[in-house]
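Biologist: Hello! Could you put the model up on the screen, so that we can go through it together?

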Amino acid sequence: MKAIIVGGGKVGYYLVKTLKDNRINITLIEKDPKVAQRISEELDIDVVCGDGSDLEVLSECGIQDVELIAAVTGSDEQNLVVCQIAKTSFQVAKTIARINNPKNIEMFKLLGVDKTVCSTEVIADLIEYEVDNDAVRVVQTFEMGSMVLAEVLMQPKSHWLDQAIKDISIPLDCVVVSIVRDGKVIYPRGDTVLLLKDEVLVVTDKESMQTLRKSVCKG
């Protein structure tokens with residue numbers, strides 16, 4: 001997977017460092033030459049010094065071939081512009097914008113940004129979600145990133161497979177809200193059995209995500 005991160009501040013640095021070893025080919029765009037050089041040397045990644053809303057800079061980064069762009073600068077307006085350009089000019093499939101002011105979330109969604117998040121850790125989870133190698137994936141976030149809607153895909157090795165919901169070892173702070181089976185939504189009860197290829201939607205908090213993954217994948 002190829003992705004572009006726009007913004008090399010604390011958020012951008014954290015994202016690059018977190019995602020570097022997850023089979024994601026990352027290019028970072030950063031305006032400040034000193035910051036760009038430092039990150040390039042420290043993390044050994046491709047860094048382009050420039051404006052992430054400049055079409056020439058984006059082209060230089062190979063945006064025509066990327067599957068995802070995350071705009072994580074300190075400016076909501078800048079992040080919106082980057083995502084809109086990526087969508088309208090380059091048809092990038094997935095756009096993620098960091099929101100510094102929660103009041104802007106609805107506007108960003110109306111203007112076509114795929115994901116809007118406030119928490120830097122949740123941004124990392126959303127990008128990792130696009131790498132199809134995890135049984136538990138972040139679908140959406142709420143309450144400034146503190147609450148998470150996760151999708152649990154029932155695979156042959158899933159510990160929950162062929163078990164009733166009342167019998168699975170689910171973390172205390174997780175709630176199964178629905179199941180998508182063969183394109184149809186099921187609102188489960190305690191005796192509902194989870195079948196292969198079920199998409200189980202769970203509401204939880206950020207802190208319980210790792211526990212949820214272990215619950216699904218152990219055994």
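Modeller: Happy to. L111 is a good place to begin, and its place is in the loop between helix 5 (105-110) and strand 6 (115-117). Please keep in mind that this is a predicted model.

Biologist: Thanks! Is L111 buried, partly exposed or exposed?

Modeller: A residue under 20% relative accessible area counts as buried, and one over 50% as exposed. L111 has 39% relative accessibility, so this leucine counts as partly exposed.

Biologist: Which residues form a nonpolar patch on the surface together with L111?

Modeller: The patch has about 300 Å² of accessible area in total. Besides L111, its members are M107 and L110.

Biologist: Let's step back to the whole chain. How many helices and strands does the secondary structure come to?

Modeller: The chain has 219 residues, and 49% of them are buried. Of its contacts with a separation of 6 or more, 58% are between residues 24 or more positions apart. The secondary structure comes to seven helices and eleven strands.

Biologist: Six strands form an open sheet. Which are its edge strands?

Modeller: The strand order is 3-2-1-4-5-6, with parallel pairing. An edge strand pairs on one side only, and here that holds for strand 3 (46-49) and strand 6.

Biologist: What is the average twist from one strand to the next in that sheet?

Modeller: The sheet in question is the open one with the order 3-2-1-4-5-6. From one strand to the next, its twist averages 20°.

Biologist: Which residue of strand 6 is the bridge partner of A97?

Modeller: Strand 5 (residues 94-98) runs parallel to strand 6, and three bridges join the two. Within this pairing, the partner of A97 is T116.

Biologist: And what angle does helix 4 make with strand 5?

Modeller: Helix 4 (residues 76-90) packs on the sheet. There it touches strand 1 (2-6), strand 4 (68-71) and strand 5. Its direction and that of strand 5 make an angle of about 175°.

Biologist: Helix 4 also holds K87. Which residue meets the side chain of K87 in a salt bridge?

Modeller: The pair links distant parts of the chain, 27 residues apart, and the partner sits in the loop between helix 5 and strand 6. K87 is partly exposed at 25% relative accessibility. The N to O distance is 2.9 Å, and the partner is D114.

Biologist: On to strand 11 (residues 199-205). Why is strand 11 largely enclosed by the rest of the structure?

Modeller: Strand 11 has seven residues. The reason for its enclosure is how many of them are buried: five of the seven.

Biologist: How many bridges join strand 8 (residues 147-153) to strand 11?

Modeller: These two strands run antiparallel. Within the pairing, E151 stands opposite L201. The number of bridges between strand 8 and strand 11 is seven.

Biologist: Strand 9 (residues 175-181) is also joined to strand 11. Which residue is the bridge partner of I179 there?

Modeller: Five bridges join strand 9 to strand 11, and the two run antiparallel. In strand 11, the partner of I179 is V200.

Biologist: Back to E151. Which residue forms a salt bridge with E151?

Modeller: The partner lies in strand 7 (residues 136-142) and E151 in strand 8, so the pair ties together parts that are 14 residues apart in sequence. Both residues are buried. The closest N and O atoms are 3.9 Å apart, and the partner is R137.

Biologist: Which residue meets R181 of strand 9 in a salt bridge?

Modeller: The partner lies in the loop between strand 10 (184-186) and strand 11, and the pair is 17 residues apart. With a relative accessible area of 1%, this aspartate is buried. The bridge is 2.7 Å from N to O, and the partner is D198.

Biologist: One last stop, at G7. How far apart in space are G7 and T73, C-alpha to C-alpha?

Modeller: G7 lies in the loop between strand 1 and helix 1 (10-19). It is buried, with a relative accessible area of 6%, and the residues G7 touches include L28, V72 and T73. In sequence, G7 and T73 are 66 residues apart, but in space the distance is 4.6 Å.

Key
Residues numbered from 1 in each chain as written. Predicted model: local features only at pLDDT ≥ 70, side-chain atom pairs only at ≥ 80, totals over all residues. Heavy atoms only, no water. Helix = DSSP H or I, 4+ residues; strand = E, 2+ residues; numbered from the N terminus. Buried < 20%, exposed > 50% of the residue type's maximum accessible area, 1.4 Å probe, protein only. Contact = heavy atoms within 4.5 Å. Patch = residues over 30% accessible without salt bridge, like charges linked within 9 Å, V, L, I, M, F, W, Y side chains within 5 Å. Areas by Shrake-Rupley, 256 points an atom, 1.4 Å probe, with all protein chains shown as cover. Salt bridge = Lys/Arg side-chain N within 4 Å of Asp/Glu carboxyl O. Pairing = 2+ DSSP bridges. Axes fitted to C-alpha atoms, helices over the stretch in contact; angles between N-to-C directions. Lists of a residue's contacts leave out its neighbours within four places in sequence.
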